[in-house]
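Biologist: Could you walk me through one part of this model up close? I'd like to hear about the place where the two chains meet.

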Amino acid sequence: MQLTRRHTLAPDVLAALLCAAPGDAPDVTTRLRDPLFARLAASLGPSAPERLDAYSLDHEGARRFSSPFAWSARASRRAIGTAAARHAAATATSPLDAAREEVERLCDRALRGLARRGALSTWLAGAPREVRATCAVEAASWATRLLHLVEPLGAHPLAVGVPDAYVSVPATRISLVGRRDVAGTGPRPGLLRVRDGAPPGSAADGLCVDGLVAALATGSAPARAIGAWPDAGIVLIVELDGEALCHAARCLVGAASASGPRARSDVVTLAA
Amino acid sequence: MTTAVLAPTDDLVAALRGTAALRPDVDRGLAGGLRAWLEDGLFERLGDVGPAPVVVTSRSVADLPTSERSSARLRGALVASLLRLHVAGCPLEDPYAAAVAATCASGRDGDLAVALAELDADEAARLAAEVAAHHAVLSERLGSLPARWSPRCGARLAIPLAGGAVVLRGTVDLALGAPGGSRACVCLLDVTTSRHVDGTATALSYLALLETLRAGEPPLRVASLSTATGEARVCDVTPVLLAGAVEAVLGSLAGTRCS
């Protein structure tokens, strides 16, 4: 697995990395999908989480929340902030104004009866004005941080605020989730995802997982997965070759088996 | 280190942002040199890395007193929420109620939300009066913050060094300006509900160092606003200031050794 660690990257360099396409995409769909799904289904125990993602690797497959999920400014900032970043990038609006508009749009959606119970829109519409304002500022801080990393309208066009990749594992209740905040353009674009704090020990594994899930969702592996930790000023770049994708599959099975019966560590065999 | 102490009548935001034409060019080589200096110094002081990271904070570097009083922590969290609401331009009729609502919905510091709920009427009234006074100072000193300055709140910086054996942590209450230009324009503001003390300037230089290591370029200025007194201190970020911060970090680790 080829891993590069950088302290900072200029936005144009990052954009070039997201848009460059080295080599052919590994044939993930036919060679990795079925053995991975079979092993995941066999590895899951009764306490298995309903989603597996890079976060699961940091927490050995533990459930994400110790208490029932509740919306908060922190929980909502990426959802609102990503939309705000997309809007700000497209219209040259400031991220704060874009975040305010997004909060208003979500509230309006709920008031018109278009949001389901428990959705972010519903929570925002019922929250006091001060809470909505706090959510807008948190989201704007998130969006600003994202837009300081990349130049969406630079020489290399980027898609900001792309949806996460989701893949359902057949015969289970489990979803694989690949997080991504920015995608490059071109025949084999890379993906960028942003996280808080400093990279954990499993950061490179998590990037491989994000790349693998994106590959499973689209049928084509991204050229590379780039993780940015703006709070730490660190960027990790993983080239998503066959070895990296196989490694991701092993990590996912390991995280799944950590919550249930143990599986063999060499569960997925695929030549790089 | 030159620290300007602003009187309560001076315009803090104007002092922080300064005149655009007079801002210095960005020295992009500085961050790498500071990081190397820190890494070398840490290796000399800490030797082999241990399993548990040594966490360095503003308080440990600047030798600032740590308040154990829950009321002080509550006050600080509520004023931090008021800062967010001020940045959002949210008009407040009852600062305390607004700050409590925002803090409880923040998704951070769940223990503080519990502590707020457990306050009796007298404690809540006392805290409300304090928070209202701090809010008045905050509003007066900061004025209106245009959205085009890219305000962002509550960034929790965490810079790992020595292979993760040491983590420099700090919170930037408010950052203004975008990095990446040819001239420095990022300004950092630390809001404290305590009075300024001797170590405040060192704490500010430490925050400037964290931002330099994080962004790869030094910020323009760093400031501290005491909502207890209305006093503000503003420092221009220079190589000398950052060098002082490196020495302060290394000095704070003297005698520390990873096990």
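Modeller: Sure, starting with the fold: chain A has 10 helices and 9 strands (DSSP runs, H or I of at least four residues for helices, E of at least two for strands, numbered from the N terminus). Bear in mind that this is a predicted model, where local features need pLDDT of at least 70 and side-chain atom pairs count only at pLDDT 80 or more, while totals for chains, interfaces and linings use all residues. Residues are numbered from 1 along each chain as its sequence is written, chains are lettered from A and ligands numbered from 1 in the order in which they are written, and side-chain values use heavy atoms, with hydrogens and water left out.

Now the interface. Chain A puts 28 residues into the contact and chain B 33 (contact being heavy atoms within 4.5 Å). Together they bury about 2500 Å², 60% of it on carbon and sulfur atoms; that's the accessible area, with a 1.4 Å probe, that the two parts lose on being put together, summed over both.

The rule finds 2 salt bridges across the interface of chain A and chain B (a side-chain nitrogen of Lys or Arg within 4 Å of a carboxyl oxygen of Asp or Glu). B:R84 and A:E138 meet in a salt bridge through their side chains, at 3.1 Å from N to O. On chain A's side, α5 (73-91), α6 (95-111) and α8 (129-149) each supply at least two of the residues touching chain B. Of the elements there, α8(A) gives the most, with 10 residues.
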